[in-house]
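Student: I have a structure open and I'd like to learn how to read it. Can we go through it feature by feature?

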Amino acid sequence: MHIPDGWLSTPVLLASNVLAVGGLTWATIRARRELDESAIPLMGVMGAFVFAAQMINLPLPGGISGHLMGGTLLAIVLGPAVGTLVIASVLLLQALLFADGGLLAFGANFLNMGLVGTLGGYVVYRAVRWFAPGSRGLYAGAALGAWLATVAGAALAALHLGLSGTAPLGAVTVAAVGFHLAIGAIEATVTVAVIHYLVRVRPELFLLDRPLPGDCIATSAVAAHPNPNTINAKVIQ
Amino acid sequence: MTRRALRWLVPLAVVTLLLAVAIAHLASSNPDGLERVAQQQDFARKGKTTAAAPMPEYEVSALRGALGRPAARTAAGLSGVLLTFGLLLGLGRLVSRRRRGQPDPSAPAPRDRSPGPDA
């Protein structure tokens, strides 16, 4: 659901790009504190995975298709700040090299497909884990966060279009949200599948008392829990 | 970073490459959610390109004529994956300050089951 140039009015483009710069500034400042060198390979592979997955449109009933957006997944695995920088990089490369999403519409696409997942979807994920500890809360939170972020992102895209006068706000919101109720299922499924793999090989990534992604991967985490079953027991109750 | 520490990343990297160079050919050509809305509300044709990109529609334009569409798409997918990976390694190096094994003294104390800063 990348917005090309030509769909949004100048004031809407201006506002969304100002908000995007604000979000990127926050993410950079926070990532400087959080990002550990040892997390960089995971950051690269996760970003490349999201890029590749975004190429693959899966068919849905009703003659539409959808692909992963990945913001929620990136925030859960890398932390919201680093996740935000990764999704911004993917969207920027798509706009610059693949004409997928307009250059001027970068801010809008970054808000709708990036921040809404790395902040909104992530907060939902953390809230669910707060109420439901253990692996059930982890997977339920990831699925709900990913699904809600997709639907909210569609509503936000509709708001951009409505405010731009491109389409009537009510009609475009109903249509966009309607289609993305189904597309959100793709988001939730892929998000849970990737997290399921990572829980099996790196459970310490998902320890809630280790909110910093770097700490999670550093050998210190393993040293603190020499028995991997201890980690597993803590994450997967 | 020892070789053993990275082994668990390899399956994810292999899946990523497979998605980009092989599975991408099977992608649905149905309009995605937003494209469908644009058709329905009749504003799809308003879209335009601000600057020429080398790989529009995830195909390397330069290869399409000589080698055909599948090769052009595989090349675009592979370039995209490698460029994303490379860009993020560079960005990660720029942003990260800490060295492995040296905890950041300014980091907040670990909290147990906190709902996150924004919750």
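Tutor: Sure. Start with the vocabulary: helices and strands here are DSSP runs, numbered from the N terminus, with at least four residues for a helix and at least two for a strand. Keep in mind that this is a predicted model.

Student: With that in hand, where does Asp42(B) lie?

Tutor: Asp42(B) sits in the loop between helix H3 (33–40) and helix H4 (61–67) of chain B. Glu57(B) is in the loop between H3 and H4 of chain B too.

Student: What is there to say about phi at Asp42(B)?

Tutor: Phi of Asp42(B) is near 60°, a positive value in a residue other than glycine. For Glu57(B), phi is near 60° as well, again positive in a non-glycine residue.

Student: And why does Asp42(B) count as exposed?

Tutor: Burial is read by counting C-beta neighbours, and 12 or fewer within 10 Å makes a residue exposed. Asp42(B) has 10 of them inside 10 Å, so it counts as exposed. Glu57(B) has 14 inside 10 Å and therefore counts as partly exposed.

Student: What does the whole of chain B look like in terms of helices and strands?

Tutor: Chain B has five helices and zero strands, so to read its order from the N terminus you just go α-α-α-α-α.

Student: How much of chain B is buried?

Tutor: Of its 119 residues, 25% count as buried. For contacts in chain B with a separation of 6 or more, 39% come from residues 24 or more positions apart.

Student: Which residue could show me such a long-range pairing?

Tutor: Try Leu78(B), in helix H5 (residues 69–95) of chain B. Its C-alpha atom is 7.0 Å from that of Leu17(B), a residue 61 positions away along the chain. Setting aside residues up to four places away in sequence, Leu78(B) touches Ala20(B) and Val21(B). With 16 C-beta neighbours inside 10 Å, Leu78(B) is partly exposed.

Student: How many residues does each chain bring to the contact?

Tutor: An interface can be read by who contributes and with what kind of residue. Here chain A gives 73 residues and chain B gives 64 residues. On the side of chain A that touches chain B, H2(A) makes the largest share, with 13 residues. By class, that side has 48 nonpolar, 16 polar and nine charged residues.

Student: Which residues touch the most other members of the largest nonpolar core?

Tutor: That core has 104 residues, and the ones with the most contacts to other members are Met46(A), Leu78(A), Val86(A) and Ala176(A). Take Val86(A): leaving aside neighbours within four places in sequence, its contacts include Met46(A), Leu78(A) and, from the other chain, Leu88(B).

Student: How do I read a helix such as H5(A)?

Tutor: Check span, bend and burial. H5(A) has 26 residues and reaches 35 Å from first C-alpha to last, close to the 38 Å expected at 1.5 Å a residue. H5(A) also bends by about 50° at Val116(A). Of its 26 residues, 23 are buried, so H5(A) is largely enclosed by the rest of the structure.

Student: What are the confidence scores of the model?

Tutor: The model scores ipTM 0.88 and pTM 0.87. Chain B has a mean pLDDT of 83, with 77% of its residues at 70 or more. Over residues 112–119 of chain B, pLDDT stays under 50, and the model has 15 contacts beyond four places in sequence for that stretch.

Key. Residues numbered from 1 in each chain as written. Chains lettered and ligands numbered in written order. Predicted model: local features only at pLDDT ≥ 70, side-chain atom pairs only at ≥ 80, totals over all residues. Buried ≥ 20, exposed ≤ 12 C-beta atoms within 10 Å, placed from the backbone. Contact = placed C-beta atoms within 7 Å. Nonpolar A, V, L, I, M, F, W, Y, C, P; charged D, E, K, R; others polar. Expected span 1.5 Å × (residues − 1). Bend = angle between axes of the 7 residues up to and from the residue. Core = buried A, V, L, I, M, F, W, Y, C linked by C-beta atoms within 7 Å. pLDDT = per-residue confidence, 0-100.
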